[in-house]
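Trainee: Pick one part of this model and take me through it closely. Follow the trail outward from there, wherever it leads.

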Amino acid sequence: MTDLFEVDPDEVDNYYQSLKKQVEPSGYHLNADVDFTKALLKSIIINRRRYGYGACPCRLASGDKREDLDIICPCDYRDPDLDEYDACYCGLYVSGAVLSGEKKLGSIPERRPNQEEREKAKIQTSGEILTSLSLPVWRCRVCGYLCAREEPPEVCPICKAEKERFERFI
């Protein structure tokens, strides 16, 4: 078996090209610094090998997928960071203004709650929500997309997050 940290440059290139094709039609932009972007993508590939999921390269993953769902790239914090700071925390995704050079990248504060705050939030949201809808409503934790159906979609039609990134909303 190859070393966990040895990533074939072709694998990174293919991931970069695939991600670029996937995100641009949805209105998202990858950082224009291709070397920087590919270094981040290489880290996501390493995290996939290490944990079995593509944890955000700029945060420390626990190794427990359920605990880290909020930091699987694209993380839950990407859109709020883009809205407020024109880039996500690690700088993989940037706004159109940054991409065009109208704005410069700056530092972005960490939004992810600490472990204690995440545990508290779980307790507060674990109660049943009653509704008159005949189907459950699912919310994409990444972009907020809502849909009413028996099960969440396999892939979010807006941000392309996978099924596991959906939570039952109602």
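Mentor: Let's start with Asp86, which sits just after H4 and takes a positive phi of about 65 degrees (helices are DSSP runs of H or I with at least four residues, strands are E runs with at least two, both numbered from the N terminus). This is a predicted model, where local features need pLDDT of at least 70 and side-chain atom pairs count only at pLDDT 80 or more, while totals for chains, interfaces and linings use all residues. Residues are numbered from 1 along each chain as its sequence is written, and side-chain values use heavy atoms, with hydrogens and water left out.

Asp86 isn't a glycine, yet its phi is positive. The residue belongs to the loop between H4 and E2. It counts as buried because its relative accessible area is 14% (buried is under 20%, exposed over 50%, partly exposed in between, with a 1.4 Å probe and protein chains only).

Now step back into the helix. H4 covers residues 78–85, and Arg78, Asp79, Asp81 and Leu82 are buried there. Down the axis of H4, those buried residues fall within an arc of 165 degrees, so they line one face of the helix (the arc uses the directions from the axis to the C-beta atoms). Asp83 and Glu84 are exposed, on the face turned away from that buried side. What do the buried residues of H4 pack against? That's strand E2, residues 93–94 (contact is heavy atoms within 4.5 Å).

Arg78 turns up again in the lining of the largest cavity, along with Cys56, Cys73, Pro74, Cys75, Cys88, Cys90 and Tyr93. On a 1 Å grid over the protein atoms alone, a cavity is a set of points where a 1.4 Å probe fits but cannot get out; a pocket is an open set with protein on both sides within 12 Å along at least five of seven lines, and lining residues have an atom within 4 Å of a point. Searching the whole structure gives one cavity of 30 Å³ or more, and the largest holds about 30 Å³ of space (points join across faces, edges and corners, and volume is the space filled by probe spheres on them). Its lining splits into seven nonpolar residues, no polar ones and one charged (Ala, Val, Leu, Ile, Met, Phe, Trp, Tyr, Cys and Pro are nonpolar; Asp, Glu, Lys and Arg charged; the others, Gly among them, polar).

Two of those lining residues deserve a second look: the peptide bond from Cys73 to Pro74 is cis, with omega near 0 degrees. Pro74 is in the loop between H3 and H4. Cys73 and Pro74 are also among the residues nearest the centre of the second largest pocket, as are Arg48, Ile72 and Glu162. This pocket has 19 lining residues and about 310 Å³ of space. Helix H1 (9–23) and helix H2 (34–51) each supply at least two of its lining residues, with H1 giving the most, at four. By type, the pocket lining comes to eleven nonpolar, two polar and six charged.

On the other side of that loop, H3 spans residues 65–68 and includes Asp68. Asp68 is buried, at 1% relative accessible area. Leaving aside neighbours within four places in sequence, Asp68 is in contact with Tyr53, Ala61, Ser62, Gly63 and Arg112. A polar atom of the Asp68 side chain lies 2.8 Å from the backbone nitrogen of Ser62.

Key
A polar contact is a pair of N or O atoms within 3.5 Å; within protein, one must be able to donate a hydrogen and the other to accept it, and residues adjacent in sequence count only if both atoms are side-chain atoms.
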